[in-house]
Amino acid sequence: MTPHNLVELVPYDPQWPTQFRRIRNRLLTWLPQALFIDHIGSTSIPGMIAKPLIDIDIVLPSLEHIADATAALLAEAYEPRGNRYDDEVWAFLSRGSVPAERVYLCPAGNGTHRNRLAFRDYLIAHPESASKYATLKRRLAAEFRTDGDRYTAQKREFVDTIVARALKGNA
């Protein structure tokens, strides 16, 4: 297994929101066309265990802006990670930063972006669900320590259930 597939979970770091704001400000200088730059993933949920990696969605006005944004990120040494969700979402990784950053470019109105925000906001508003998610993450991290892809895949059912609840407005 390659090291980037290892699953390492760490306790919540109260510096993550501050680090996100610093990263967002830097990204805005390179990508002034961005409509939104949102902190997503487990590091955006207070108290949640997480991989020590800040996940960020960058929402652009349209698909036509992806190429220029990609060029800007490549010029700043972000590694392209491809279109991972078949939903007009392109991933980039910055390993040289501390903490590491993974940014996603997506056009306005993107479903993956909507779902990520719904998931984040639901877990922030529902600590019981957040606790269940943390328990699931711990179990899966122990089971799939050297296989990050399987770790992520095994969380899918839980994530989809929470997103469905959030989008329906159910508690």
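Helices and strands here are DSSP runs, numbered from the N terminus. With that naming in hand, the loop between strand E1 (36–40) and strand E2 (53–60) is where serine 44 turns up. The model is a predicted one, and everything below should be read that way.

Serine 44 makes a handy starting point. Its relative accessible area is just 12%, so it counts as buried, the cut-off for that label being under 20%. As for polar partners, the serine 44 side chain gets to 2.6 Å from the backbone oxygen of glycine 41. Setting aside neighbours within four places in sequence, serine 44 also touches His39, Arg120 and Ile124. Ile124 comes up again further on, as one of the H3 residues that meet H4.

A few backbone oddities sit in other loops. Between strand E4 (90–94) and strand E5 (100–107) lies the loop that holds proline 99. The peptide bond joining valine 98 to proline 99 is cis, with omega at about -5°.

Two residues that are not glycine have a positive phi. For alanine 77, phi is about 70°, and the residue belongs to the loop running between helix H2 (66–75) and strand E3 (79–82). Alanine 77 has a relative accessible area of 58%, and because the exposed class starts over 50%, it is called exposed. Glutamate 88 is the other case, with phi at about 55°; its place is the loop between E3 and E4. Its relative accessibility comes to 36%, which means glutamate 88 is partly exposed, as that class covers what falls between the buried and exposed cut-offs.

Then there is the helix pair. Helix H3 (residues 111–125) and helix H4 (residues 127–143) have axes that come within 5 Å and cross at roughly 110°. That angle falls in the 65 to 115 range, so H3 is roughly perpendicular to H4. On the H3 side, the contact is made by Phe119, Tyr122, Leu123, Ile124 and Ala125, while H4 contributes Pro127, Ser129, Ala130 and Tyr133. By residue class, the H3–H4 contact has eight nonpolar residues, one polar and no charged. Tyr counts as nonpolar in this scheme, which is worth bearing in mind for Tyr122 and Tyr133.

Key. Residues numbered from 1 in each chain as written. Predicted model: local features only at pLDDT ≥ 70, side-chain atom pairs only at ≥ 80, totals over all residues. Heavy atoms only, no water. Helix = DSSP H or I, 4+ residues; strand = E, 2+ residues; numbered from the N terminus. Buried < 20%, exposed > 50% of the residue type's maximum accessible area, 1.4 Å probe, protein only. Polar contact = N/O pair within 3.5 Å; in protein donor to acceptor, adjacent residues only side chain to side chain. Contact = heavy atoms within 4.5 Å. Axes fitted to C-alpha atoms, helices over the stretch in contact; angles between N-to-C directions. Parallel < 35°, antiparallel > 145°, perpendicular 65-115°, else oblique.
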